[in-house]
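Please work through the exercises below with the sequence and the structure at hand. Each task is followed by a solution in steps.

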Amino acid sequence: MMTSEAKAAKGHIDLRDIRVSFTQNGAALDAVRGVTLDVKPGEFVSVVGPSGCGKSTLLNIVAGFLKPSAGEARVDGLPISGPGADRGVVFQQYSLFPWLKVRENVEFGLKMQGMGRAERESRARTLLGLAGLLSFENHYPDQLSGGMKQRVGIVRALATGPQVLLMDEPFGALDAQTRVVMQEILTNMWQQLRLSVLFITHDIEESIFLSDKVYVMTARPGRIKAEIPIPLPRPRTAEMTSSPTFMALHRQLKALIREESLAAMGGELKEGGLGQDWHLGEQGVGAL
Amino acid sequence: MATAIRMRSLADPPVAGAAAAEAAVQPANLRNVEEVMTPPLAIKRHDVGGAPPVAPAVAQPAMGARLLGRLRTQLGSLALSVLSIGLLLGFWYLGTEYRWDFYIRFTNVPTPGEVYTEFMGLIGSAKFQANIGISLGRIMLGFCIATGLGVLLGLLCGRYALLKGLLFPALEVLRPIPAIAWVPISIMLWPTTETSIVFITFIGAFFPILLNTLHGVAAVDPVLIRAARCLGAGEVALMTRVILPGALPHIFTGLAVGMGVAWVSLIAAEMISGQFGVGYFTWEAYSLIEYPHIVIGMLVIGVLGLLCSGGIRLLSRLVMPWQRVGTKENA
């Protein structure tokens with residue numbers, strides 16, 4: 001039943017046994033090894049893991065910036081051959097074109113598709129209206145705050161109507177308050193659009209709040225350590241972050257990632273007793 | 001009430017006699033402290049009204065004061081400029097009026113008055129105007145060709161390493177040769193004096209423009225190129241809509257430098273091989289012992305150069321309006 005539905009809808013990301021290796025000082029190293037990952041049409045999937053684990057590498061493969069050394073990467077059954085407008089990408093750094101006004105930034109992809117001026121304009125304005133940015137349409141990006149810039153970035157990625165949205169730590173550069181608001185805006189937008197999202201983050205709370213499924217990666221070489229379905233109901237609200245289910249998921253994910261963070265930081269920490277001493281907990285790592 | 005009192009007893013330094021009694025009460029005290037630490041929340045909300053996101057208007061209330069402040073600083077710098085130029089003129093006047101001769105000889109240098117009178121006589125002369133027009137025409141032609149070719153090659157070489165590898169070794173050999181050194185070979189190469197002068201002007205402007213464009217291409221944020229490709233931009237769109245505008249600030253630096261070098265090259269070329277032009281006029285004045293004309297030629301060259309740089313600055317503002325907006329708020 002699920003499969004027939006999946007076939008009809010589009011935006012199915014399918015990574016199988018992906019390996020990415022590079023050479024450093026003549027030795028071959030794996031950044032990512034044996035990663036199999038699946039985003040069903042209309043599903044919101046996050047990948048979390050310690051920094052340097054290759055989560056962004058996975059996104060770059062799906063975006064078409066990077067070819068895997070081994071394995072298969074497909075979107076809707078077709079091998080990924082390069083970047084394209086069928087997969088929208090939102091980057092961590094604000095990637096708006098500084099020489100274009102907000103609306104012109106949103107229109108960029110539509111212009112590339114050869115859409116006429118009037119249609120482009122009305123479409124961009126509709127989307128900007130949804131994101132609450134219409135009154136800023138004639139501003140240059142440098143006149144906007146970080147949160148606004150990133151909203152424009154999301155709107156721009158959505159303008160061409162992609163089936164897949166790839167987000168690489170999109171709120172990583174924002175302050176905590178703005179980030180929470182942006183998460184709510186994103187989950188609302190996704191609720192309406194129902195496209196597949198692959199979301200890269202190191203923020204556990206963010207990944208639980210937004211996702212249907214969370215993949216946890218190991219320290220380098222990055223492998224999938226766990227796949228955790230998030231059974232929280234939709235639509236998601238800010239209140240859910242204090243529900244017992246949320247808390248339990250948070251604890252579980254935190255423990256999983258903590259192991260990997262320690263591994264990534266090197267064995268000497270474990271020998272010092274920190275690896276076993278769970279009571280030192282958050283403060284122990286924070287103090288480092 | 002009792003809670004408050006026990007709190008106090010915890011906070012106060014224990015009196016020596018009461019120390020034992022204090023210790024006995026300690027556990028109860030602690031429990032009460034915990035109770036006090038988690039009181040029912042009494043958040044008082046202030047009515048601030050809804051704040052829908054509205055584009056910030058350019059700060060209006062401070063407008064008058066800001067304008068006044070700007071006027072004041074501008075008046076100050078204007079006064080300094082007048083003083084600076086006045087000192088220069090004064091030095092020139094004194095030197096020439098009293099025929100100073102202390103190693104540097106002012107004996108044959110015309111006075112400001114002589115130059116002014118001569119200039120008034122010259123300004124209406126068709127020949128003088130033609131000289132200015134011809135120099136400007138040569139600059140425009142040479143500079144425009146240099147801009148077109150320099151920017152085009154800069155963009156292509158910046159994007160395609162193979163092309164850069166092919167062209168740059170040769171260009172690097174030619175680059176250190178000053179434009180003036182090209183004069184003899186240029187006269188041999190080109191069929192007319194006119195084309196050879198334009199060529200030398202071109203050579204002067206070309207290299208700064210090319211190198212700055214190349215710099216500009218390298219400075220374009222790679223994430224913008226990625227973003228454009230994700231939005232479906234092909235190679236041509238990438239060049240014209242991302243790399244070119246991204247490189248514009250550097251390109252304009254190249255244009256400003258190029259314009260300066262173009263004038264240097266033009267005047268030198270006109271002095272050596274020319275007929276007509278301001279450089280030729282200046283050199284001819286020396287040959288014909290019309291000393292005031294030398295200074296007039298120099299001043300005209302200075303003013304024209306200034307106007308051309310000003311024109312480029314103006315153009316850069318028109319072409320890059322986004323450069324003038326600052327970061328107004330930060331998230």
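**Exercise 1. The contact between the chains**

Task: Determine how many residues of chain A are in contact with chain B, and which elements contribute.

Solution. Step 1: 32 residues of chain A are in contact with 23 residues of chain B, where contact requires C-beta atoms, placed from the backbone, within 7 Å. Step 2: β6 (87-90), α3 (102-112) and α5 (146-159) of chain A each give two or more residues to this side. Helices (H or I, at least four residues) and strands (E, at least two) are DSSP runs, numbered from the N terminus. Step 3: Sorted by class, the side of chain A that touches chain B holds 14 nonpolar, 15 polar and 3 charged residues. Here Ala, Val, Leu, Ile, Met, Phe, Trp, Tyr, Cys and Pro count as nonpolar, Asp, Glu, Lys and Arg as charged, and the others, Gly among them, as polar.

The model is predicted: local features need pLDDT of at least 70, side-chain atom pairs count only at pLDDT 80 or more, and totals for chains, interfaces and linings use all residues. Residues are numbered from 1 along each chain as its sequence is written, while chains are lettered from A and ligands numbered from 1 in the order in which they are written.

**Exercise 2. A strand and its partners**

Task: State whether β8(A) is buried or exposed, and identify strands that pair with it.

Solution. Step 1: Strand β8 (residues 196-201) of chain A has 6 of its 6 residues buried, so it is largely enclosed by the rest of the structure. A residue is buried if 20 or more other C-beta atoms lie within 10 Å of its own, the C-beta atoms being placed from the backbone. Step 2: Ser196(A), Leu198(A) and Ile200(A) are buried on one side of β8(A), and Val197(A), Phe199(A) and Thr201(A) on the other. Step 3: Strand β3 (residues 44-48) of chain A runs parallel to β8(A) and is joined to it by 5 bridges; two strands pair if DSSP finds at least two bridges between them. Ser46(A) stands opposite Phe199(A). Step 4: Strand β7 (residues 164-168) of chain A also pairs with β8(A) in the parallel sense, over 5 bridges, with Val164(A) as the bridge partner of Ser196(A).

**Exercise 3. The open sheet**

Task: Give the strand order of the open sheet in chain A and name its edge strands.

Solution. Step 1: The order of the 4 strands is β2-β1-β4-β5 (chain A), with antiparallel pairing. Step 2: β2 (27-39) and β5 (78-79) of chain A are the edge strands, each pairing on one side only. Step 3: Between strand β1 (residues 13-24) and strand β4 (residues 70-75) of chain A there are 5 bridges, and Ile13(A) stands opposite Val75(A) in β4(A).

Terms used
Contact = placed C-beta atoms within 7 Å. Buried ≥ 20, exposed ≤ 12 C-beta atoms within 10 Å, placed from the backbone.
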